[in-house]
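Here are a few short exercises, each with a worked solution. Take a moment with the sequence and the model before you read on.

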Amino acid sequence: MPAPPESAGDGTEESVEMSGNVWRPCSTCKKPIHHGTKYMVCSVSTCNRKRNSYVFCSVDCWDAHLPLANHRQAWAVEETAPTR
Ligand SMILES: [Zn+2]
Ligand SMILES: [Zn+2]
């Protein structure tokens, strides 16, 4: 019988990204946005409410938000995450 293939060693998630250095996850891809790094927000005010604000790690992720949000006019605004 064939031997089972050896595990490639991806049994654990990348724990580096789980550190306390993460500010918020991207609203689209859930990739962590780290403190002090650039991120994008939506220009539409309803997307920037404190309780319901969207943050995006890239313009691509903001772009993916557009068809869901159904904005008439919107653009991406570059922001920098707080350092702490
Ligand atoms: Zn993203
Ligand atoms: Zn929006």
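Two residues are in contact if their C-beta atoms, placed from the backbone, lie within 7 Å. This is a predicted model, in which local features need pLDDT of at least 70, side-chain atom pairs count only at pLDDT 80 or more, and totals for chains, interfaces and linings use all residues. Residues are numbered from 1 along each chain as its sequence is written, while chains are lettered from A and ligands numbered from 1 in the order in which they are written.

**Exercise 1.** Work out which elements the protein chain has and how its contacts are spread.

*Solution.* Start with the elements: helices (H or I, at least four residues) and strands (E, at least two) are DSSP runs, numbered from the N terminus. The protein chain has 1 helix and 6 strands, in the order β-β-β-β-β-α-β from the N terminus. Next, take the contacts between residues at least 6 apart in sequence: 54% of them join residues at least 24 apart.

**Exercise 2.** Describe how β1 and β2 are joined.

*Solution.* First, the pairing rule: two strands pair if DSSP finds at least two bridges between them. Here 3 bridges join β1 (residues 22–25) to β2 (residues 32–34), and the two run antiparallel. One of the partnerships is Pro-25 with Pro-32. Then look at the turn: 6 residues separate the strands of this hairpin, and Lys-30 there has a positive phi of about 70°.

**Exercise 3.** Decide on which side of α1 the buried residues lie.

*Solution.* A residue is buried if 20 or more other C-beta atoms lie within 10 Å of its own, exposed if 12 or fewer, and partly exposed in between. By that count, Cys-61, Trp-62 and His-65 are the buried residues of α1. They share one side of the helix, because they cover an arc of only 95° around the axis (the arc of the directions from the helix axis to the C-beta atoms). On the other side, Val-59, Asp-60 and Pro-67 are exposed. Finally, find the partners: the buried residues of α1 pack against β3 and β6 (76–80).

**Exercise 4.** Is Ser-58 buried, partly exposed or exposed, and why?

*Solution.* Locate Ser-58 first: this residue sits in the loop between β5 (52–53) and α1 (59–69). Ser-58 is partly exposed because 17 other C-beta atoms lie within 10 Å. As a last step, compare Cys-29, which is 29 residues away in sequence and 9.7 Å away in space, C-alpha to C-alpha.
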